[in-house]
Structures are given as structure tokens and as C-alpha cells.
Amino acid sequence: VMLFPALGLTLYGGAVWMIGGVRFWKDTEGELPCPMGFRVLAQTAGDILNLKWLRGGGRGCYYPKAHASQARRLYHSLVYYGFLSATVSTSLAAIYQDILHKLPPYSLTSAPVLFGSIGGVAIIVGVAGLVVLKATCDREPAHSPSLGLDYLFLIILGLTALSGMFTLLFRESNAMGIILTLHLGLVAALFITVPYGKLVHSLYRSLAILRHHLEQSQPHRKAQVH
């Protein structure tokens, strides 16, 4: 009952992302060399993992005020790595249950609980920080509809992480059933909005970074660009 709806939402979101990625690449007149090269892939992965393009040239982003700050990159990093940690936790829990046949609940020192706890706290702190920054930023250059989507994504993600932490704190209480139901409902809402909400920017930004390194690795391509 829990597995198949989750797989369905995951496959649906993945298919929408793939279609969007292919359209993006075609619309920007991209072509993938074969083989692509380990160096290009390593540079792209490095830029994505260390959030290089949120450094603002080293001084930080001029956000939310007209002075350079690393706050946005810090909170973005907490959300980013917290999400990855929570994903690792979920994957390990699936391995424990379905491959190793170890049923939950798991001990507080187990890998699924540790990764989930670290990820949950990081997401909560990061989301809170980003909401505060967004609330105090200059609204004049912002696109109003996108602000609403930003808040929607951050609130759903924050509530998902918070409810996940509550399932750990109250897992031996009578409230566990209600909390788990709310948590799974929020996870489903998050997955439903993934193909259309703020999180999809991670796909297009990653492809743009890949395009950048591909162009830098091809002299004739750089000459055409210039």
C-alpha cells in the first residue's frame, strides 16, 4: 500500500523531469558529445556539489540586501545536503527492510536514523533561513508568481522534515499513527509538486553547468560563442 503509490509518484516525477531536460537541451541547441569525457563530468559534479555559482564571485550574493553575504549559500547548502542526507536515510531503510529483512523501528545509532536526523535538522534550519531571507528581500525585481511557488516549496519541504523528526521523537507514543500519516501525506505532496515547483530548477541549473563545461572543453565551440 505504501510502496506502489510512492514508486508511481517517483516514476511520474522522473519522467516529467526527463522530458523537460530533453526539451531544455534541444531548445538551447545543445549536442552531447560521445563519449562526454570524465573531466567534464567531474567538473560539473564538483560545481553542483559545492554550489560554486552561489558564491557571487567569492564575496557572496547581493541578497537579500544590497551588500554581499554568504547567508543564502549557507542556508541553501543546509537544504541541499539535508535533502541528500534524508534521501540516503530512506534508501538505507529500504535496504534494511527489503534486502536485509530488518524491520523498523531502528535504533537511534543506526545509519537510517542518523542520516535522517542530520538531514531533517539541516532542512529545517535551512528552510527557516531561506524563508526569512525571502521575506526581507527587495520585492521590486522579483516575479510575483515565482515568489508564491518559492514559499510553497519551502513550506512543504520544511513541514515534511519537521513531521519526519516528530515520527522519530514520538515513535513509541500513541500519536505515532497520526504523525506518520501526516508525514506520508506531506511526502506525497512534495513529490507531486516536484516536477512543477521550485525544486525543478536543480535540473535546469545542473544541465546549464554541464553545458558550460562542455563549451569550455571545445575550442571551436567557444570561438562560435565569442
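Where is Phe170 found relative to helix 5 and helix 6? In this predicted model, Phe170 is found in the loop that runs between helix 5 (144-169) and helix 6 (176-193). The points below take up this residue and its surface patch, then helix 6, and then Lys134.

**Phe170 and the nonpolar patch**

- Phe170 has a relative accessibility of 37% and therefore counts as partly exposed, since that class lies between the buried limit of under 20% and the exposed limit of over 50%.
- Together with Ile155, Leu159, Leu162, Phe166 and Leu169, Phe170 forms a nonpolar patch on the surface, and the accessible area of these residues together is about 530 Å².

**Helix 6**

- Helix 6 has 18 residues, which at 1.5 Å a residue should span 26 Å, and this agrees with its end C-alpha atoms, which are 26 Å apart.
- The residues Ile179, His183 and Leu190 are buried in helix 6, and because the buried residues of this helix fall within an arc of 35 degrees when seen down its axis, they line one face of the helix.
- On the face of helix 6 that is turned away from this buried side, the exposed residues are Ile178 and Thr181.

**Lys134 and its polar contact**

- Lys134 has its place in helix 4, which covers residues 111-135, and at a relative accessibility of 12% Lys134 counts as buried, because buried means under 20%.
- The side chain of Lys134 makes a polar contact, at 3.1 Å, with the side chain of Asp150.

Methods
Residues numbered from 1 in each chain as written. Predicted model: local features only at pLDDT ≥ 70, side-chain atom pairs only at ≥ 80, totals over all residues. Heavy atoms only, no water. Patch = residues over 30% accessible without salt bridge, like charges linked within 9 Å, V, L, I, M, F, W, Y side chains within 5 Å. Areas by Shrake-Rupley, 256 points an atom, 1.4 Å probe, with all protein chains shown as cover. Salt bridge = Lys/Arg side-chain N within 4 Å of Asp/Glu carboxyl O. Helix = DSSP H or I, 4+ residues; strand = E, 2+ residues; numbered from the N terminus. Buried < 20%, exposed > 50% of the residue type's maximum accessible area, 1.4 Å probe, protein only. Expected span 1.5 Å × (residues − 1). Arc of directions from axis to C-beta. Polar contact = N/O pair within 3.5 Å; in protein donor to acceptor, adjacent residues only side chain to side chain.
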